[in-house]
Amino acid sequence: MVTQVTSFGRSGLYDWMMQRVSAVVLSLYTVFLIGYLLLNPDLTYDQWSGLFEATWMRIFSLMVLLSIGMHSWIGLWCVSTDYIKATGLRFFFQSLCGLTMFVYVVWGVQVLWGL
(Lines give C-alpha, C1' and ligand atoms only; values in the text may rest on other atoms or scores of the structure.)
Protein backbone atom coordinates (compact mmCIF):
# COMPACT_ATOMS: atom_id res chain seq x y z
CA MET A 1 0.00 0.00 0.00
CA VAL A 2 1.23 3.50 -0.85
CA THR A 3 1.60 6.00 1.97
CA GLN A 4 0.16 9.39 1.03
CA VAL A 5 2.85 12.02 1.53
CA THR A 6 1.52 14.92 -0.50
CA SER A 7 -1.69 15.73 -2.33
CA PHE A 8 -3.14 18.80 -4.00
CA GLY A 9 -6.61 18.64 -2.55
CA ARG A 10 -8.47 17.31 0.42
CA SER A 11 -9.77 14.22 -1.35
CA GLY A 12 -9.64 12.27 -4.58
CA LEU A 13 -12.94 13.80 -5.69
CA TYR A 14 -11.57 17.32 -5.18
CA ASP A 15 -8.43 16.47 -7.18
CA TRP A 16 -10.54 14.90 -9.93
CA MET A 17 -12.75 17.99 -10.13
CA MET A 18 -9.76 20.38 -10.24
CA GLN A 19 -8.21 18.26 -12.99
CA ARG A 20 -11.41 18.58 -15.06
CA VAL A 21 -11.85 22.32 -14.42
CA SER A 22 -8.22 23.01 -15.36
CA ALA A 23 -8.65 20.92 -18.53
CA VAL A 24 -11.65 23.04 -19.54
CA VAL A 25 -9.71 26.28 -18.97
CA LEU A 26 -6.77 24.95 -21.01
CA SER A 27 -9.11 23.85 -23.80
CA LEU A 28 -10.87 27.21 -23.96
CA TYR A 29 -7.54 29.04 -24.13
CA THR A 30 -6.29 26.76 -26.89
CA VAL A 31 -9.47 27.17 -28.94
CA PHE A 32 -9.36 30.95 -28.44
CA LEU A 33 -5.72 31.25 -29.56
CA ILE A 34 -6.24 29.01 -32.59
CA GLY A 35 -9.34 31.00 -33.53
CA TYR A 36 -7.51 34.29 -33.07
CA LEU A 37 -4.64 33.11 -35.27
CA LEU A 38 -7.01 31.83 -37.97
CA LEU A 39 -9.04 35.06 -37.98
CA ASN A 40 -5.88 37.19 -38.21
CA PRO A 41 -3.72 35.53 -40.88
CA ASP A 42 -1.51 38.61 -41.35
CA LEU A 43 -0.94 39.12 -37.63
CA THR A 44 1.62 41.76 -36.72
CA TYR A 45 3.69 42.09 -33.58
CA ASP A 46 1.68 45.17 -32.57
CA GLN A 47 -1.61 43.25 -32.77
CA TRP A 48 -0.17 40.32 -30.84
CA SER A 49 1.32 42.50 -28.09
CA GLY A 50 -1.90 44.53 -28.01
CA LEU A 51 -3.84 41.34 -27.35
CA PHE A 52 -1.62 40.44 -24.41
CA GLU A 53 -1.64 44.01 -23.05
CA ALA A 54 -5.39 43.78 -22.49
CA THR A 55 -6.20 43.10 -18.84
CA TRP A 56 -8.78 40.43 -19.65
CA MET A 57 -6.19 38.51 -21.70
CA ARG A 58 -3.62 38.75 -18.93
CA ILE A 59 -6.16 37.41 -16.44
CA PHE A 60 -7.15 34.63 -18.85
CA SER A 61 -3.46 33.78 -19.39
CA LEU A 62 -2.87 33.80 -15.63
CA MET A 63 -5.78 31.38 -15.18
CA VAL A 64 -4.19 29.16 -17.80
CA LEU A 65 -0.80 29.34 -16.11
CA LEU A 66 -2.31 28.35 -12.77
CA SER A 67 -4.34 25.62 -14.49
CA ILE A 68 -1.20 24.19 -16.08
CA GLY A 69 0.49 24.05 -12.69
CA MET A 70 -2.53 22.47 -11.02
CA HIS A 71 -3.22 20.03 -13.84
CA SER A 72 0.37 18.86 -14.11
CA TRP A 73 0.78 18.60 -10.33
CA ILE A 74 -2.28 16.36 -9.97
CA GLY A 75 -1.23 14.25 -12.95
CA LEU A 76 2.35 13.83 -11.75
CA TRP A 77 1.15 13.14 -8.21
CA CYS A 78 -1.08 10.33 -9.50
CA VAL A 79 1.69 8.86 -11.63
CA SER A 80 4.25 9.07 -8.84
CA THR A 81 1.97 7.43 -6.26
CA ASP A 82 1.25 4.63 -8.75
CA TYR A 83 4.82 3.93 -9.87
CA ILE A 84 7.22 5.15 -7.17
CA LYS A 85 6.70 2.92 -4.15
CA ALA A 86 9.59 4.12 -1.97
CA THR A 87 8.24 6.94 0.20
CA GLY A 88 11.48 8.95 0.33
CA LEU A 89 12.06 8.80 -3.42
CA ARG A 90 8.42 9.65 -4.13
CA PHE A 91 8.57 12.62 -1.74
CA PHE A 92 11.77 13.84 -3.44
CA PHE A 93 10.20 13.50 -6.90
CA GLN A 94 7.00 15.28 -5.83
CA SER A 95 8.96 18.05 -4.10
CA LEU A 96 11.07 18.57 -7.22
CA CYS A 97 7.93 18.71 -9.39
CA GLY A 98 6.25 21.12 -6.98
CA LEU A 99 9.27 23.41 -6.87
CA THR A 100 9.60 23.37 -10.66
CA MET A 101 5.92 24.25 -11.13
CA PHE A 102 6.18 27.03 -8.54
CA VAL A 103 9.18 28.54 -10.35
CA TYR A 104 7.34 28.36 -13.69
CA VAL A 105 4.23 30.04 -12.26
CA VAL A 106 6.26 32.85 -10.67
CA TRP A 107 8.22 33.29 -13.91
CA GLY A 108 4.99 33.32 -15.93
CA VAL A 109 3.49 35.99 -13.67
CA GLN A 110 6.59 38.11 -14.20
CA VAL A 111 6.29 37.71 -17.97
CA LEU A 112 2.55 38.45 -18.01
CA TRP A 113 2.48 41.40 -15.64
CA GLY A 114 6.03 42.72 -16.07
CA LEU A 115 6.86 42.52 -12.39
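Which helix holds Ser61? In this predicted model, Ser61 sits in helix H3, a stretch that covers residues 55–83. Ser61 is buried because its relative accessible area comes to just 6%, under the 20% cut-off. Setting aside neighbours within four places in sequence, the residues in contact with Ser61 are Tyr29, Phe52 and Leu112.

Two of those partners turn up again among the aromatics. Tyr29 and Phe52 both belong to one aromatic cluster, together with Phe32, Tyr36, Trp48, Trp56 and Phe60. Across the structure, the count of aromatic pairs is seven.

Further along helix H3 comes Trp73. With a relative accessibility of 12%, Trp73 also ends up buried, since anything under 20% falls in that class. What separation do the C-alpha atoms of Trp73 and Gln94 show? The answer is 8.4 Å, for two residues that are 21 apart along the chain. Gln94 itself falls within the span of helix H4, residues 87–113.

Helix H4 also carries Val103, and here the picture turns to the surface. Is Val103 buried or exposed? Neither label quite fits: at 44% relative accessibility, Val103 counts as partly exposed, because the value lies between the 20% and 50% limits. Val103 helps make a nonpolar surface patch of about 760 Å², and the other members are Leu99, Phe102, Tyr104, Val106, Trp107 and Val111.

Zooming out, the fold is easy to summarise. The protein chain has four helices and zero strands, so in sequence order the pattern reads α-α-α-α, with helices taken as DSSP runs. As for overall dimensions, the C-alpha atoms fill a box of roughly 55 × 25 × 20 Å along the principal axes. The radius of gyration is 17 Å, whereas a compact globule of 115 residues would come out near 13 Å.

How much of the chain is tucked away from the surface? Of the 115 residues, 28% count as buried, Ser61 and Trp73 among them. The exposed area adds up to about 7,800 Å², and 73% of that is supplied by carbon and sulfur atoms.

Finally, there is the question of sequence range. Taking contacts in the protein chain with a separation of 6 or more, 68% link residues that are 24 or more positions apart. The contacts of Ser61 with Tyr29 and Leu112 give a local view of such pairings.

Technical notes
Residues numbered from 1 in each chain as written. Predicted model: local features only at pLDDT ≥ 70, side-chain atom pairs only at ≥ 80, totals over all residues. Heavy atoms only, no water. Patch = residues over 30% accessible without salt bridge, like charges linked within 9 Å, V, L, I, M, F, W, Y side chains within 5 Å. Areas by Shrake-Rupley, 256 points an atom, 1.4 Å probe, with all protein chains shown as cover. Salt bridge = Lys/Arg side-chain N within 4 Å of Asp/Glu carboxyl O. Helix = DSSP H or I, 4+ residues; strand = E, 2+ residues; numbered from the N terminus. Buried < 20%, exposed > 50% of the residue type's maximum accessible area, 1.4 Å probe, protein only. Phe/Tyr/Trp six-rings, centres within 6.5 Å; stacked < 30°, edge-to-face > 60°. Rg over C-alpha atoms; globule rule 2.2 N^0.38 Å. Contact = heavy atoms within 4.5 Å.
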